[in-house]
Amino acid sequence: MKYQIANIEDVRWLLGHTGGFRGGYVTDVQVSKRRLLDEASGREVPAGTTVTVVIRYRIRQMARVAKLTMTGADGFFDV
C-alpha cells in the first residue's frame with residue numbers, strides 16, 4: 001500500500017495504523033543525493049535528496065515491513 005504523508009493528520013494515521021512501530025527495528029537506510037550541473041558556472045548544485053528507511057515491526061501478532069521514503073529533503077545530510 002502506498003500512502004502519501006502531507007500533514008499532521010496523515011502522521012497520526014500512520015502511527016495509529018502501525019501501532020507506532022512498537023517493538024520495531026530499522027533494517028535499512030538509504031540516502032540518495034541528486035545534483036545537477038549548472039552549465040553557466042560549471043558547478044554542481046543540489047537538486048534534492050531522497051531518504052528511504054525500512055522498518056520491521058509486529059502488530060496484532062503479525063510481522064510487518066514498512067518502507068518509508070522522504071523525497072525532496074533538501075538540506076539533509078550536507079556532507
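A pocket, as the word is used here, is an open set of grid points where a 1.4 Å probe fits, with protein on both sides within 12 Å along at least five of seven lines, and its lining residues are those with an atom within 4 Å of a point. Keep that in mind while looking over this structure, which is a predicted model.

**The pocket**

The largest pocket has a volume of about 710 Å³. Its lining is made up of 20 residues, and the ones nearest the centre are Tyr3, Leu14, Lys67, Leu68 and Thr69. Helix H1 and the strands E2 and E3 each put in at least two lining residues. Which element gives the most to this lining? That would be E3, with seven residues.

Leu68 is a good place to start, since this residue sits in strand E3 and is among those nearest the pocket centre. With a relative accessible area of 30%, Leu68 is partly exposed. Leaving out residues up to four places away in sequence, Leu68 touches Leu14, Phe21, Val51, Thr52, Val53 and Ile55. For a sense of scale, Leu68 and Arg58 are ten residues apart in sequence, and their C-alpha atoms are 16 Å apart in space.

One of those partners, Thr52, belongs to strand E2. Is Thr52 buried or exposed? It counts as buried, because its relative accessibility is 13% and the cut-off for buried is under 20%. Its contacts, again without residues up to four places away in sequence, are Asp28, Val29, Gln30, Lys67, Leu68 and Thr69. Three of the names in that list, Lys67, Leu68 and Thr69, also turn up among the residues nearest the centre of the largest pocket.

**Before and along the helix**

Tyr3, another residue nearest the pocket centre, is placed in the segment before H1. Tyr3 is partly exposed, at 43% relative accessible area. Met1 is found in that segment before H1 as well, and with 80% relative accessible area Met1 is exposed. Beyond residues up to four places away in sequence, Met1 touches Trp13 and His17. From Met1 to Arg12 the distance is 17 Å, C-alpha to C-alpha, for eleven residues of sequence separation.

Met1 and Tyr3 also share a nonpolar surface patch of about 690 Å², made together with Ile5, Ile8, Val11, Trp13 and Leu15.

Moving into the helix, Asp10 has its place in H1. Asp10 counts as buried, with 13% relative accessibility, and it touches Tyr3, Gln4 and Ile5 when residues up to four places away in sequence are not counted. Thr18 lies in H1 too, a helix covering residues 8-18. At 3% relative accessible area, Thr18 is buried. Setting aside neighbours within four places in sequence, Thr18 is in contact with Tyr57 and Ile59.

**The salt bridge**

How many salt bridges are counted? The count comes to one. Side chains of opposite charge can pair when their charged atoms come close. Here the pair is Arg12 and Glu9, with 2.4 Å from N to O. Since they are three residues apart in helix H1, Arg12 and Glu9 are separated by about one helical turn. Glu9 is partly exposed, with a relative accessible area of 48%.

**The loop between E2 and E3**

Most residues other than glycine have a negative phi. Two loop residues go the other way, and here they are side by side:

| Residue | Phi | Relative accessible area |
|---|---|---|
| Arg60 | near 55 degrees | 65% |
| Gln61 | near 65 degrees | 71% |

Arg60 is in the loop that runs between strand E2 (43-59) and strand E3 (62-70), and Gln61 lies in the loop between E2 and E3 as well. Why does Gln61 count as exposed? Because its relative accessibility is 71%, and exposed means over 50%. Arg60, at 65%, is exposed too.

Conventions: Residues are numbered from 1 along each chain as its sequence is written. This is a predicted model: local features need pLDDT of at least 70, side-chain atom pairs count only at pLDDT 80 or more; totals for chains, interfaces and linings use all residues. Side-chain values use heavy atoms; hydrogens and water are left out. Helices (H or I, at least four residues) and strands (E, at least two) are DSSP runs, numbered from the N terminus. Buried means under 20% relative accessible area, exposed over 50%, partly exposed in between (1.4 Å probe, protein chains only). Contact means heavy atoms within 4.5 Å. Patches are made of residues with over 30% relative accessible area and no salt bridge: like charges are joined within 9 Å, nonpolar side chains (Val, Leu, Ile, Met, Phe, Trp, Tyr) within 5 Å. Accessible areas come from the Shrake-Rupley method with a 1.4 Å probe; for residues, only the protein chains shown count as cover. A salt bridge is a side-chain nitrogen of Lys or Arg within 4 Å of a carboxyl oxygen of Asp or Glu. On a 1 Å grid over the protein atoms alone, a cavity is a set of points where a 1.4 Å probe fits but cannot get out, and a pocket is an open set with protein on both sides within 12 Å along at least five of seven lines; lining residues have an atom within 4 Å of a point. Grid points are joined across faces, edges and corners, and a volume is the space filled by probe spheres set on the points.
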